Amino acid sequence: MLRQEKLIFSTAVQLCISLTLLLNFVVSSEIRLGSKISVEDNNFWVSSNGDFAIGFFSYFNLYKVGIHFNSSSIPIDKQTVVWVAGADLKVGNKSYFQLDESGELFLFDSDTGITAWTSKTSNASVVSALLRDDGNFVLLNKQKSTVWQSFDNPSDTLLPGQNFSASHVLRPPSNSPVSSYYSLYMGDSGQLQLRWETSIIYWTSGNPSQSAHRAILSADGTLQLIDQTSKSIWSIFGDDHNDSNVHFRFLRLDADGNLRLYSWQNASSSWRSVWQAVNNQCDVFATCGVHGICVFNESGLPVCKCPYMPAGEFNSKCLASSDENCDSGSSLILYEHTFLYGIYPPNDTIVHTNLQECKTLCEKDPRCTAVTFINNGTPQCRIKNTRYMSGKSDPSLGSISLIKTCSDPVAVLPQSPESKLIQKSSRKICIPCLIGVAAGTFGIILVIQLCAGFYFLRRRKYIRKKTDFSNVDPNTGGCIMLSYAEITELTENFKHKIGPKVFKGVLPDKRPVAIKDLATSIEERKFRSAVSKIGSIFHKNLLKLDGYCCDSSNRLLVYEFAKNGSLGDCLEDPKMCKRLTWRRRISICLAVARAIYYLHTGCRVYVSHGNLKCENVLLDDNFEVKVSEFGLQTFLSEESDTEQTAEADVRDFGKMLLKIMSGSQNADDACEWAYEKWLADQSYEIVDSRLEGSVSSDELQRALRIAFWCLQADARMRPSMGEVVKVLEGTLSVDIPPPLFSHCHSRTSSEEKLESNAESG
């Protein structure tokens, strides 16, 4: 009887312990309001099955917060991250991630002292959060309905069960300027598309005749396109499809631009790629970026090589060596089995002709840097006008490429007969001559020693100075953090003024920079936060922020230097204006449109320009566009209406487009005048009279029509910048703008407010 009572008591105790553990398990799974995880505490929230966890992880001396695999069957160093709050957002070592009492999830950055990311759910009646067993992090209301979820905000990865639709985009982390251009979209036709920038599509899924509603990755390793009726209309399978031994999978857009499906292999204790969208990595557009062309080594792995770099020359960028001003003339070097394409800009001029004529076209065109000839039934001559090229080389390719290079100058001139007579000399010894030679030698040695001492002294000062200027703030996208004294030294006490409140400076590595004095007081935390976000934005047509000064009340920005100055100055200068040919002006308009489109849709957060005009469009030594003055007002303002600021940018682009076409200095007056000329079928009278050479009628009509659409007084009728880009590229037709076109002085109240804010800032 006593033994039976002990057994009952023991069973009761075990039951209580089990219930207590179960209760604690449920409580730990549900994340209540006020819950917080931090870098210092090194704590995390875990899904109920333990397969996923959300917490901070180290990233080059900084930290990110995100969801990663947490299963005990996966070693810690292989617990891949599948979602990151704010995607590329990096924070300091005292940061924390909290679900506050208002139901808003936010990430506090200790380095800037501000909220770096938020779920924007303070008014959504959130009562708790939960990391589900499938890796989806959700915020729930009282009815346990999902009001926000990480599955709707993907970064570079899709998990099984996660839907991917037209409103979503995958983009790899911006580890380099090249990787930031890749993205996975669902196109208008319902196909999955891998893109470089906005116009180059290098992989497409599915059948264009069948429009998909969404894509989904199944737990068995199937990637499917689903239509409106939930029917699968396209699918691919991983190598281990339906393998019951595989428990973890994910689909990721990698930094090399390829989309891959990964499975966890218990036997090898590693993640294995079981499918990839582009089988030949060399077929991924710009897979080598500016570092050469893609070839396969003896091991069968793709590598980047630079066949057209001069022997012995080292350069991190593999650029075509063509120069329009070759004093010694130019020649074409032939590379068989090689296909090249321009990446900046990512387009070629295609002419249907034979190889010899293709070669002649490049020889006669001073802008031509290279050509590729292919003949797959229809001969194509692909002409490139850029030094930034990539491509691939393989014995199986039938294409032939020719790179233009400056001819070698004559190294040694032949010796004249007269010079041979000078070789005879007297054999007599001259004592005064010897004394003179000895004294001269002693003097030379003394001068050399003095010069060497002076050089090493200067060198020591340079190294010390370079060390002083190497203070890079890791939280500001790699920007140099400078004191006001250092800024004064760089600019030689602001000696060289190159624009309103803009001065030229030179860094210790001899690199020129442009330094803008904001001449205003901005709160330090706000300023550092804005600089952090601007410094992380990379696009070839956006001016790169190299550094900043936040010393006392001084606020200055250090930008890369654009040799040819602003587009506005070039249009006013008679000499420079002649270099702005019709083709170059169209390219400039398209580049600006792409840059603004990237700000609106390509960044992790929406960025408006707010003050787009010719004076804020700079041109480098190759007349490549560099849009400046972007982002600061967006990140400094407390409130920003995304729709209104986007419409204001579109309107400003329309004004700028007309100014570039017409050369008119007063864009407001040019709007009505240009519209009346266009209505009267006198479009060519709008074109700048200083333009030399032919003007494309089709391009002119497209440019004018889209400009007038951008300038509609009703902001709701203006196109998006994505549509503007497509029209200027010629891939989208544009209708005749409404006849009731209002003049450019019309403004909505919101636009006037935005403009006044931009001017006051």
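In this predicted model, the link of Cys306 and Cys318 is right-handed, with 85° about the S-S bond. Both ends of that link sit in the loop between strand S25 (302–305) and strand S26 (330–336), twelve residues apart. The two sulfur atoms are 1.9 Å apart. As for solvent, Cys306 comes out partly exposed, at 27% relative accessibility, whereas Cys318 is buried at 3%.

The Cys306 and Cys318 link has company: the count comes to five disulfides. Another of them joins Cys282 to Cys294, with an S to S distance of 2.0 Å. Here the torsion about the S-S bond is about -65°, so this disulfide is left-handed. Cys282 lies in the loop between S23 and strand S24 (293–296), while Cys294 belongs to strand S24 itself, so the pair ties together parts that are twelve residues apart in sequence. Neither end sees much solvent: Cys282 is buried at 3% relative accessibility, and Cys294 is buried with a relative accessible area of 1%.

Next up is the pair Cys358 and Cys381, whose sulfur atoms are 2.1 Å apart. The torsion about their S-S bond is about 75°, so the handedness is right. This link bridges distant parts of the chain, running from helix H2 (residues 355–364), which holds Cys358, to strand S30 (residues 379–384), which holds Cys381, and the two cysteines are 23 residues apart. Both Cys358 and Cys381 are buried.

Then there are cysteines whose sulfurs stay unpaired. For Cys549, the closest cysteine sulfur is that of Cys550, and at 7.3 Å it is too far for a bond; the cut-off for a disulfide is 2.5 Å. Cys589 tells a similar story, since its closest cysteine sulfur, in Cys614, is 8.4 Å away and again too far for a bond. Both residues are tucked away from solvent: Cys549 is buried with a relative accessible area of 0%, and Cys589 is buried with 1%.

On to the strands. Strand S23, which precedes the loop holding Cys282, is part of an open sheet of four strands in the order S13-S21-S22-S23, with antiparallel pairing. The edges of this sheet are strand S13 (157–158) and strand S23 (270–276), each pairing on one side only. Within the sheet, strand S21 (residues 249–253) and strand S22 (residues 259–265) run antiparallel and are joined by five bridges. As for residue partners, Phe250 has Tyr262 in S22 as its bridge partner.

Methods. Residues numbered from 1 in each chain as written. Predicted model: local features only at pLDDT ≥ 70, side-chain atom pairs only at ≥ 80, totals over all residues. Heavy atoms only, no water. Pairing = 2+ DSSP bridges. Buried < 20%, exposed > 50% of the residue type's maximum accessible area, 1.4 Å probe, protein only.
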